[in-house]
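Morning, everyone. I have one model to walk through today, so let's get it on the screen.

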Amino acid sequence: MITTETAFVLGAGASVPFGFPTGAELRRHLCGNLRKDSPLFTLLRQCGQSEDLILNFRETFELSGIYSIDSFIAFRPAYQEIGELAIAAALIPLESATSLRAPSDNWYQMLWNEMLTNVATPQDLLLNRISFVTFNYDRSLEQYLLSAISHTFDLDLDEAFHLLSQIPIQHVYGSLGNYGPDTSYRYGSQGGTQLTESILAARSSIKTVPAVRGPKDEQSANWLAKAQRVFVMGFGFDPTNCTRIDLPGACSQAPRADNPRHVFGSAFNLTSAETSRYERNSCAPGQGGLAWTKGDCLNLLRERRDHLK
């Protein structure tokens with residue numbers, strides 16, 4: 001059980017083990033597959049987008065050289081609708097319950113088992129003092145926890161969701177749609193008209209344009225401000241995103257001098273120069289900073305397991 005106030009900040013890399021792309025991989029997928037007669041192209045046509053618009057969007061995004069689709073839309077808001085539909089069309093088919101089982105050794109599984117330590121009843125689960133701030137659109141975290149709660153405690157989905165809904169999870173920029181009993185806990189899509197409907201519904205939940213996103217996510221910032229442990233996992237340290245959740249504040253001294261705050265970051269495929277730059281983006285001068293762990297999210301939790309208490 002995690003009884004120390006702990007927040008997890010999740011970037012695209014945190015969802016990679018479960019079949020989702022990084023921002024760069026999503027860019028390559030969109031630019032490579034938005035061509036006539038491709039399944040992705042057909043999906044956008046079924047969502048009401050014209051051939052000319054799809055092709056213009058793909059070419060403009062590709063030639064822009066911008067790393068991420070979100071940043072591209074910020075510069076070219078005229079492409080907001082088709083860009084958000086493209087994000088949903090690319091990601092919803094990747095939401096697979098099977099992908100959450102493999103690899104069997106993953107960071108969701110490790111964290112779940114830490115949460116279960118000394119837990120005797122389903123209600124004990126809520127004694128874990130954790131929160132999740134995710135920049136990802138996918139609902140893999142919710143799906144994993146719902147399934148784990150249901151099968152661990154022999155609860156039906158509605159009973160499991162009652163517990164899940166009390167675990168703080170904030171999608172900073174929205175998600176691929178509402179997840180809960182009113183959508184029959186739909187995760188991914190079976191294809192056909194259901195997939196098209198899911199894409200159209202998801203578009204209203206995705207927030208890409210800065211004017212829509214707003215200057216600060218107060219809920220996320222408050223969770224980080226209260227936390228004594230912050231795990232920053234698979235995160236790209238974009239300065240705007242750091243400010244959005246007040247990560248610099250999380251890197252400052254903790255509210256309690258007798259129990260200093262620790263901020264841990266995963267450094268997968270990052271050079272020392274890159275980690276130094278990211279730390280400058282996320283921490284103001286004179287603040288405590290991040291403690292880096294080489295490797296992926298699972299390795300971060302393994303290396304810092306003593307702080308998951």
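**Pocket, core and cysteines**

Let me start with a pocket. Helix H7, residues 140–153, gives the largest share of the lining of the second largest pocket: seven residues. Keep in mind that this is a predicted model. The space in that second largest pocket comes to about 380 Å³. Its lining has 17 residues, and the closest to the pocket centre are Ala97, Arg101, Tyr144, Ser147 and Ala148. What is the make-up of that lining, by nonpolar, polar and charged residues? Nine are nonpolar, seven are polar and one is charged.

Now the core. As general background, nonpolar side chains in soluble globular proteins tend to be buried together. Here, the largest nonpolar core has 100 residues. Which of them touch the most other members? Phe8, Trp107 and Trp112. By helix, look at H5, residues 80–91: eight residues of this core come from there, the largest share.

Take Trp107 from that list. Leaving out residues up to four places away in sequence, Trp107 touches Leu10, Ala14, Pro17, Phe18, Met233, Cys297, Leu298 and Leu301.

Back to helix H5 for a moment. Leu91 sits in that helix. Is Leu91 buried or exposed? Its relative accessible area is 8%, and buried means under 20%, so Leu91 is buried. With the same sequence neighbours left out, Leu91 touches Phe20, Pro21, Leu26, Tyr137 and Leu176. Look at Tyr137 in that set. Leu91 and Tyr137 are 46 residues apart along the chain, yet their C-alpha atoms are separated by 8.3 Å.

Next, a serine. Ser198 is part of helix H9, residues 192–203. Ser198 counts as buried because its relative accessibility is 8%, under the 20% cut-off. Beyond residues up to four places away in sequence, Ser198 touches Ile92, Arg186, Gly188 and Ser189.

Last, the cysteines. How many disulfides does the structure hold? Zero. Cys297, one of the contacts of Trp107, is in no disulfide. The nearest cysteine sulfur to it belongs to Cys242, 16 Å away. A disulfide needs the two sulfur atoms within 2.5 Å, so that pair does not qualify. Both residues are tucked away from the probe by the numbers: Cys242 counts as buried at 0% relative accessibility, and Cys297 counts as buried at 4%.

That's the tour. Questions?

Definitions and conventions: Residues numbered from 1 in each chain as written. Predicted model: local features only at pLDDT ≥ 70, side-chain atom pairs only at ≥ 80, totals over all residues. Heavy atoms only, no water. Buried < 20%, exposed > 50% of the residue type's maximum accessible area, 1.4 Å probe, protein only. Core = buried A, V, L, I, M, F, W, Y, C linked by side-chain atoms within 4.5 Å. Helix = DSSP H or I, 4+ residues; strand = E, 2+ residues; numbered from the N terminus. Contact = heavy atoms within 4.5 Å. 1 Å grid on protein atoms, 1.4 Å probe; cavity = no way out; pocket = protein on both sides within 12 Å on 5 of 7 lines; lining within 4 Å. Points joined across faces, edges and corners; volume = space filled by probe spheres on them. Nonpolar A, V, L, I, M, F, W, Y, C, P; charged D, E, K, R; others polar.
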